[in-house]
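User: Could you take me through this chain? I would like to start with the fold and then move to the side chains.

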Amino acid sequence: MIPATTKKEILSPKVYQKGFEEALQEFEHFEQVKKRLNLIKAYQQLKRGEAFLDLIEAA
């Protein structure tokens with residue numbers, strides 16, 4: 001996770017690549033969490049007997 005205060009570094013290709021890889025990992029984690037939450041919502045609707053196809057199609 002990105003800290004609130006960051007240490008200023010000279011923007012070299014290595015530093016840029018490291019930051020980009022960290023941001024990409026954080027985004028992938030966000031996508032996994034979002035997908036999991038959508039699955040949970042769909043499962044809860046299924047348990048209640050509601051139609052959940054719209055939720056799945058939106059994901």
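The conversation below goes through the helices, the surface and the side-chain contacts.

User: What should I know about the model before we begin?

Analyst: This is a predicted model, in which local features need pLDDT of at least 70 and side-chain atom pairs count only at pLDDT 80 or more, while totals for chains, interfaces and linings use all residues. Residues are numbered from 1 along each chain as its sequence is written, and side-chain values use heavy atoms, with hydrogens and water left out.

User: How many helices and strands are there?

Analyst: The chain has two helices and zero strands. Both terms refer to DSSP runs, numbered from the N terminus: H or I of at least four residues for a helix, E of at least two for a strand.

User: And how far does helix 1 reach?

Analyst: Helix 1 covers residues 13–47, which is 35 residues, and spans 51 Å from first C-alpha to last. That is close to the expected 51 Å at 1.5 Å a residue; the expected span is 1.5 Å times one less than the number of residues. Just after helix 1, Gly49 adopts a positive phi of about 80°.

User: Changing topic, what share of the chain is buried?

Analyst: Of its 59 residues, 3% count as buried. Buried means under 20% relative accessible area, exposed over 50% and partly exposed in between, with a 1.4 Å probe and protein chains only.

User: Which residues make the nonpolar surface patch?

Analyst: Leu11, Tyr16, Phe20 and Leu24 form a patch of about 470 Å². Such patches take residues with over 30% relative accessible area and no salt bridge, joining nonpolar side chains (Val, Leu, Ile, Met, Phe, Trp, Tyr) within 5 Å and like charges within 9 Å. Leu11 sits in the segment before helix 1 and is exposed, at 63% relative accessible area.

User: How many aromatic pairs are there?

Analyst: The search of the whole structure gives one. The ring centres of Phe27 and Phe30 are 6.3 Å apart and their planes lie at 35°, so the pair is tilted. Rings of Phe, Tyr and Trp (its six-membered ring) pair if their centres lie within 6.5 Å; planes under 30 degrees apart are stacked, over 60 edge-to-face and the rest tilted. Phe27 and Phe30 are three residues apart in helix 1, about one turn.

User: Which side chains meet in a salt bridge?

Analyst: Glu31 and Lys34 do, at 3.8 Å, N to O. A salt bridge requires a side-chain nitrogen of Lys or Arg within 4 Å of a carboxyl oxygen of Asp or Glu. Glu31 is partly exposed at 29% relative accessibility, and Lys34 is partly exposed at 40%.

Terms used
Areas by Shrake-Rupley, 256 points an atom, 1.4 Å probe, with all protein chains shown as cover.
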